[in-house]
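Trainee: Please take one part of this model and look at it closely with me, going slowly. I would like each term explained as you use it.

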Amino acid sequence: MSTRTRIAFLKGHGTENDFVIVPDPENAIDLPPAAVAALCDRRAGIGGDGLLHVVRSAAHPEARHLAAEAEWFMDYRNGDGSIAEMCGNGVRVFARYLQRAGHVTEGDIAVATRGGVKAVHIAKDGDVTVGMGRALLPDGDVTVSVGERTWPARNVNMGNPHAVAFVDELSHAGDLLSPPPFSPAAAYPDGVNVEFVIDRAPGHVAMRVHERGSGETRSCGTGACAVAVATARRDGADPAATGLPVTYTVDVPGGTLVITERPDGEIEMTGPAVIVAEGEIDSVWLETATGA
(Lines give C-alpha, C1' and ligand atoms only; values in the text may rest on other atoms or scores of the structure.)
Protein backbone atom coordinates (compact mmCIF):
# COMPACT_ATOMS: atom_id res chain seq x y z
CA MET A 1 0.00 0.00 0.00
CA SER A 2 1.32 3.43 -0.91
CA THR A 3 2.32 5.85 1.83
CA ARG A 4 1.78 9.56 1.48
CA THR A 5 4.84 11.74 1.11
CA ARG A 6 4.93 15.52 1.03
CA ILE A 7 5.64 16.89 -2.46
CA ALA A 8 5.58 20.68 -2.53
CA PHE A 9 4.44 22.60 -5.60
CA LEU A 10 3.76 26.16 -6.65
CA LYS A 11 1.81 27.61 -9.54
CA GLY A 12 3.08 30.58 -11.50
CA HIS A 13 2.75 32.35 -14.83
CA GLY A 14 4.53 34.81 -17.10
CA THR A 15 2.10 36.73 -19.34
CA GLU A 16 -0.35 33.85 -18.68
CA ASN A 17 2.06 31.18 -19.91
CA ASP A 18 1.49 29.06 -16.79
CA PHE A 19 3.57 26.43 -15.03
CA VAL A 20 3.52 23.90 -12.24
CA ILE A 21 6.69 24.44 -10.18
CA VAL A 22 8.20 21.46 -8.31
CA PRO A 23 11.11 22.40 -6.02
CA ASP A 24 13.51 19.46 -5.79
CA PRO A 25 17.02 20.78 -5.02
CA GLU A 26 18.64 17.35 -4.71
CA ASN A 27 16.83 15.78 -7.69
CA ALA A 28 15.12 13.24 -5.45
CA ILE A 29 11.64 13.26 -7.06
CA ASP A 30 10.98 10.96 -10.00
CA LEU A 31 8.95 12.84 -12.62
CA PRO A 32 8.32 10.53 -15.58
CA PRO A 33 6.39 11.97 -18.54
CA ALA A 34 3.09 10.52 -17.31
CA ALA A 35 3.50 12.29 -13.95
CA VAL A 36 4.24 15.62 -15.63
CA ALA A 37 1.25 15.23 -17.97
CA ALA A 38 -1.01 14.39 -15.02
CA LEU A 39 0.14 17.43 -13.04
CA CYS A 40 -0.30 19.74 -16.07
CA ASP A 41 -3.79 18.41 -16.86
CA ARG A 42 -6.18 21.35 -16.48
CA ARG A 43 -9.14 19.28 -15.33
CA ALA A 44 -7.71 16.29 -13.50
CA GLY A 45 -4.48 17.86 -12.25
CA ILE A 46 -3.10 21.27 -11.25
CA GLY A 47 -2.94 22.62 -14.78
CA GLY A 48 -0.16 24.27 -16.72
CA ASP A 49 1.46 24.77 -20.11
CA GLY A 50 4.54 23.12 -18.65
CA LEU A 51 6.39 22.08 -15.51
CA LEU A 52 9.43 23.74 -13.93
CA HIS A 53 11.47 21.14 -12.04
CA VAL A 54 13.81 23.16 -9.80
CA VAL A 55 17.08 21.27 -9.25
CA ARG A 56 20.60 22.26 -8.21
CA SER A 57 22.80 21.90 -11.28
CA ALA A 58 25.29 19.76 -9.36
CA ALA A 59 22.53 17.25 -8.55
CA HIS A 60 21.33 16.69 -12.13
CA PRO A 61 23.32 14.58 -14.61
CA GLU A 62 22.34 16.83 -17.54
CA ALA A 63 23.48 20.01 -15.77
CA ARG A 64 26.42 18.92 -13.65
CA HIS A 65 28.87 20.36 -16.16
CA LEU A 66 27.19 23.77 -15.77
CA ALA A 67 27.29 23.85 -11.95
CA ALA A 68 30.29 26.19 -11.84
CA GLU A 69 28.38 28.75 -13.95
CA ALA A 70 24.84 28.37 -12.56
CA GLU A 71 23.77 26.91 -9.21
CA TRP A 72 20.23 26.14 -10.38
CA PHE A 73 18.99 24.08 -13.34
CA MET A 74 15.57 24.54 -14.97
CA ASP A 75 14.62 20.97 -15.85
CA TYR A 76 11.77 22.11 -18.09
CA ARG A 77 9.00 19.79 -19.31
CA ASN A 78 6.20 20.46 -21.77
CA GLY A 79 2.63 19.93 -20.65
CA ASP A 80 2.52 16.53 -22.39
CA GLY A 81 5.52 15.36 -20.36
CA SER A 82 8.10 15.71 -23.12
CA ILE A 83 11.42 17.41 -22.46
CA ALA A 84 12.19 20.86 -23.90
CA GLU A 85 15.47 22.73 -24.09
CA MET A 86 14.21 26.14 -23.12
CA CYS A 87 11.17 28.28 -22.28
CA GLY A 88 11.64 32.03 -22.05
CA ASN A 89 8.52 32.74 -19.99
CA GLY A 90 9.41 29.73 -17.87
CA VAL A 91 12.86 31.10 -17.03
CA ARG A 92 11.29 34.30 -15.67
CA VAL A 93 8.91 32.34 -13.45
CA PHE A 94 11.78 30.05 -12.42
CA ALA A 95 13.80 33.10 -11.33
CA ARG A 96 10.81 34.51 -9.45
CA TYR A 97 10.50 31.22 -7.54
CA LEU A 98 14.21 31.28 -6.64
CA GLN A 99 13.73 34.82 -5.32
CA ARG A 100 10.62 33.89 -3.34
CA ALA A 101 12.38 30.88 -1.80
CA GLY A 102 15.31 33.04 -0.72
CA HIS A 103 17.84 31.35 -3.00
CA VAL A 104 18.56 34.58 -4.91
CA THR A 105 17.91 38.30 -4.54
CA GLU A 106 17.33 41.18 -6.93
CA GLY A 107 19.97 41.65 -9.58
CA ASP A 108 21.81 39.35 -11.95
CA ILE A 109 21.65 35.57 -11.71
CA ALA A 110 22.47 32.65 -13.99
CA VAL A 111 20.04 29.80 -14.73
CA ALA A 112 21.17 26.57 -16.36
CA THR A 113 18.87 25.13 -19.05
CA ARG A 114 19.22 22.44 -21.68
CA GLY A 115 19.72 25.37 -24.06
CA GLY A 116 22.73 26.60 -22.09
CA VAL A 117 23.18 29.05 -19.22
CA LYS A 118 20.80 32.00 -19.40
CA ALA A 119 21.59 35.41 -17.90
CA VAL A 120 18.64 36.70 -15.86
CA HIS A 121 18.06 40.06 -14.18
CA ILE A 122 15.43 40.54 -11.48
CA ALA A 123 14.52 44.23 -11.33
CA LYS A 124 13.34 46.16 -8.29
CA ASP A 125 10.01 46.82 -10.01
CA GLY A 126 9.41 43.09 -10.24
CA ASP A 127 9.95 42.54 -13.95
CA VAL A 128 12.43 39.87 -14.99
CA THR A 129 14.77 40.12 -18.00
CA VAL A 130 16.17 37.02 -19.70
CA GLY A 131 18.98 36.82 -22.22
CA MET A 132 17.45 34.80 -25.04
CA GLY A 133 20.49 34.41 -27.29
CA ARG A 134 20.78 35.40 -30.94
CA ALA A 135 18.34 35.03 -33.79
CA LEU A 136 19.24 33.28 -37.02
CA LEU A 137 17.54 34.44 -40.21
CA PRO A 138 17.66 31.60 -42.76
CA ASP A 139 17.49 32.61 -46.41
CA GLY A 140 14.58 31.73 -48.63
CA ASP A 141 10.99 32.83 -49.10
CA VAL A 142 8.34 31.29 -46.86
CA THR A 143 4.55 31.62 -46.89
CA VAL A 144 1.87 30.69 -44.35
CA SER A 145 -1.85 30.26 -44.97
CA VAL A 146 -5.15 30.31 -43.11
CA GLY A 147 -8.22 29.41 -45.13
CA GLU A 148 -8.13 31.33 -48.41
CA ARG A 149 -5.51 33.83 -47.23
CA THR A 150 -1.75 33.44 -47.74
CA TRP A 151 0.98 35.75 -46.49
CA PRO A 152 4.75 35.98 -46.93
CA ALA A 153 6.51 35.14 -43.66
CA ARG A 154 9.94 35.79 -42.19
CA ASN A 155 11.91 32.70 -41.22
CA VAL A 156 13.44 33.33 -37.78
CA ASN A 157 15.18 30.73 -35.64
CA MET A 158 15.49 31.38 -31.89
CA GLY A 159 16.85 27.91 -31.18
CA ASN A 160 13.40 26.82 -32.34
CA PRO A 161 11.77 27.64 -35.69
CA HIS A 162 9.37 30.53 -36.29
CA ALA A 163 7.45 31.90 -39.26
CA VAL A 164 6.40 35.53 -38.71
CA ALA A 165 3.58 36.89 -40.88
CA PHE A 166 2.32 40.50 -40.87
CA VAL A 167 -1.47 40.65 -41.24
CA ASP A 168 -4.17 43.32 -41.33
CA GLU A 169 -6.24 41.87 -38.49
CA LEU A 170 -5.32 39.32 -35.81
CA SER A 171 -8.67 37.64 -36.47
CA HIS A 172 -7.30 36.63 -39.87
CA ALA A 173 -5.24 33.99 -38.04
CA GLY A 174 -8.44 32.00 -37.52
CA ASP A 175 -8.89 29.72 -34.53
CA LEU A 176 -5.26 28.48 -34.60
CA LEU A 177 -6.42 25.05 -33.43
CA SER A 178 -4.55 23.28 -36.22
CA PRO A 179 -1.11 24.18 -37.59
CA PRO A 180 -1.30 26.84 -40.32
CA PRO A 181 -0.01 25.36 -43.60
CA PHE A 182 3.34 26.68 -44.76
CA SER A 183 5.45 26.47 -47.89
CA PRO A 184 7.98 25.24 -48.84
CA ALA A 185 7.81 22.13 -46.67
CA ALA A 186 11.62 21.93 -46.64
CA ALA A 187 11.82 25.21 -44.69
CA TYR A 188 10.53 23.56 -41.51
CA PRO A 189 11.04 19.79 -41.62
CA ASP A 190 10.03 19.44 -37.95
CA GLY A 191 7.10 21.87 -38.00
CA VAL A 192 7.08 25.52 -36.98
CA ASN A 193 5.70 28.08 -34.55
CA VAL A 194 3.67 30.61 -36.54
CA GLU A 195 3.21 34.22 -35.38
CA PHE A 196 0.60 36.58 -36.84
CA VAL A 197 1.45 40.23 -36.23
CA ILE A 198 -0.26 43.62 -36.51
CA ASP A 199 1.15 47.10 -35.87
CA ARG A 200 -0.16 49.04 -32.88
CA ALA A 201 2.18 52.07 -33.03
CA PRO A 202 5.83 52.76 -33.89
CA GLY A 203 7.90 50.23 -31.94
CA HIS A 204 4.74 48.49 -30.74
CA VAL A 205 3.11 45.38 -32.24
CA ALA A 206 0.62 42.70 -31.20
CA MET A 207 0.73 39.00 -32.02
CA ARG A 208 -1.09 35.70 -31.86
CA VAL A 209 0.81 32.45 -32.08
CA HIS A 210 0.26 28.83 -32.98
CA GLU A 211 2.89 26.97 -30.98
CA ARG A 212 4.10 23.78 -32.58
CA GLY A 213 2.45 20.86 -30.77
CA SER A 214 0.29 23.07 -28.51
CA GLY A 215 -2.06 25.15 -30.64
CA GLU A 216 -2.70 28.78 -29.72
CA THR A 217 -1.10 29.84 -26.43
CA ARG A 218 -1.48 32.98 -24.32
CA SER A 219 2.18 33.85 -24.72
CA CYS A 220 5.36 32.62 -26.39
CA GLY A 221 8.66 34.17 -25.33
CA THR A 222 10.77 32.95 -28.23
CA GLY A 223 7.90 33.90 -30.53
CA ALA A 224 7.87 37.47 -29.20
CA CYS A 225 11.63 37.65 -29.80
CA ALA A 226 11.21 36.33 -33.34
CA VAL A 227 8.47 38.91 -33.96
CA ALA A 228 10.65 41.77 -32.70
CA VAL A 229 13.53 40.75 -34.97
CA ALA A 230 11.27 40.28 -38.00
CA THR A 231 9.61 43.65 -37.36
CA ALA A 232 12.96 45.38 -36.98
CA ARG A 233 14.17 44.04 -40.32
CA ARG A 234 10.88 44.99 -41.97
CA ASP A 235 11.37 48.48 -40.54
CA GLY A 236 14.92 48.63 -41.89
CA ALA A 237 16.59 48.32 -38.48
CA ASP A 238 19.57 46.03 -37.91
CA PRO A 239 21.49 46.71 -34.66
CA ALA A 240 24.55 44.85 -35.98
CA ALA A 241 24.75 47.36 -38.85
CA THR A 242 23.86 50.55 -36.97
CA GLY A 243 25.49 49.81 -33.61
CA LEU A 244 22.24 50.89 -31.91
CA PRO A 245 19.93 48.59 -29.93
CA VAL A 246 16.32 48.23 -31.11
CA THR A 247 13.42 47.74 -28.70
CA TYR A 248 9.87 46.64 -29.46
CA THR A 249 6.87 46.29 -27.20
CA VAL A 250 5.05 43.09 -28.10
CA ASP A 251 1.48 42.51 -26.91
CA VAL A 252 0.55 38.84 -26.51
CA PRO A 253 -2.93 37.63 -25.49
CA GLY A 254 -1.69 37.18 -21.91
CA GLY A 255 0.05 40.52 -21.46
CA THR A 256 3.02 42.50 -22.74
CA LEU A 257 6.69 41.70 -23.31
CA VAL A 258 9.49 44.13 -24.15
CA ILE A 259 12.15 42.81 -26.51
CA THR A 260 15.53 44.45 -27.11
CA GLU A 261 18.01 43.34 -29.77
CA ARG A 262 21.53 44.57 -29.01
CA PRO A 263 24.27 45.38 -31.54
CA ASP A 264 26.09 42.15 -30.60
CA GLY A 265 22.97 40.22 -31.63
CA GLU A 266 21.93 39.23 -28.11
CA ILE A 267 18.19 39.50 -27.50
CA GLU A 268 16.76 40.40 -24.10
CA MET A 269 13.16 39.75 -23.10
CA THR A 270 11.56 41.62 -20.18
CA GLY A 271 8.21 40.85 -18.65
CA PRO A 272 6.29 39.94 -15.50
CA ALA A 273 6.58 36.73 -13.51
CA VAL A 274 3.98 35.87 -10.89
CA ILE A 275 3.64 33.14 -8.27
CA VAL A 276 -0.07 32.63 -7.65
CA ALA A 277 -0.31 29.67 -5.25
CA GLU A 278 1.56 26.97 -3.39
CA GLY A 279 0.56 23.70 -1.81
CA GLU A 280 1.22 19.98 -1.74
CA ILE A 281 0.71 17.29 -4.35
CA ASP A 282 -1.07 14.19 -3.06
CA SER A 283 1.56 11.52 -3.68
CA VAL A 284 -0.98 8.70 -3.74
CA TRP A 285 -3.01 10.54 -6.40
CA LEU A 286 0.16 11.07 -8.40
CA GLU A 287 1.07 7.37 -8.24
CA THR A 288 -2.47 6.44 -9.29
CA ALA A 289 -2.56 9.00 -12.10
CA THR A 290 0.72 7.73 -13.54
CA GLY A 291 -0.04 4.04 -13.04
CA ALA A 292 2.83 3.67 -10.57
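Mentor: Strand β1, residues 6-14, pairs with strand β18, residues 274-282, in the antiparallel sense over eight bridges, where pairing requires that DSSP finds at least two bridges between two strands, and where strands (E, at least two residues) and helices (H or I, at least four) are DSSP runs numbered from the N terminus. This is a predicted model, in which local features need pLDDT of at least 70 and side-chain atom pairs count only at pLDDT 80 or more, while totals for chains, interfaces and linings use all residues. Residues are numbered from 1 along each chain as its sequence is written, and side-chain values use heavy atoms, leaving out hydrogens and water.

Within the pairing of β1 with β18, histidine 13 has valine 274 of β18 as its bridge partner. β1 is also joined to strand β2, residues 17-23, by five bridges, and these two strands run antiparallel. Glycine 14 stands opposite asparagine 17 of β2, and the two strands form a hairpin with two residues between them, where threonine 15 in the turn has a positive phi of about 45°.

β2 and β18 appear again around helix α1, residues 33-40, for both are included in what covers the buried residues of that helix, together with β3 (50-56), β4 (72-78) and α5 (283-289); covering is judged by contact, meaning heavy atoms within 4.5 Å. The buried residues in α1 are Ala35, Val36, Ala38, Leu39 and Cys40, buried being under 20% relative accessible area, exposed over 50% and partly exposed in between, with a 1.4 Å probe and protein chains only.

From β2 we can also follow a link between side chains, since aspartate 18 meets arginine 42 in a salt bridge at 2.7 Å, N to O, that is, a side-chain nitrogen of Lys or Arg within 4 Å of a carboxyl oxygen of Asp or Glu. Because arginine 42 lies in the loop between α1 and β3 while aspartate 18 is in strand β2, the pair ties together parts that are 24 residues apart in sequence. Aspartate 18 counts as buried, because its relative accessibility is 10%. Aspartate 18 and arginine 42 also belong to a network of salt bridges that links them with Lys11 and Asp49.

β4, which helps to cover α1, holds aspartate 75, whose partner arginine 114 is in the loop between β5 (107-113) and β6 (116-122), 39 residues apart. Their side chains meet in a salt bridge at 2.6 Å, N to O, and both residues are buried.
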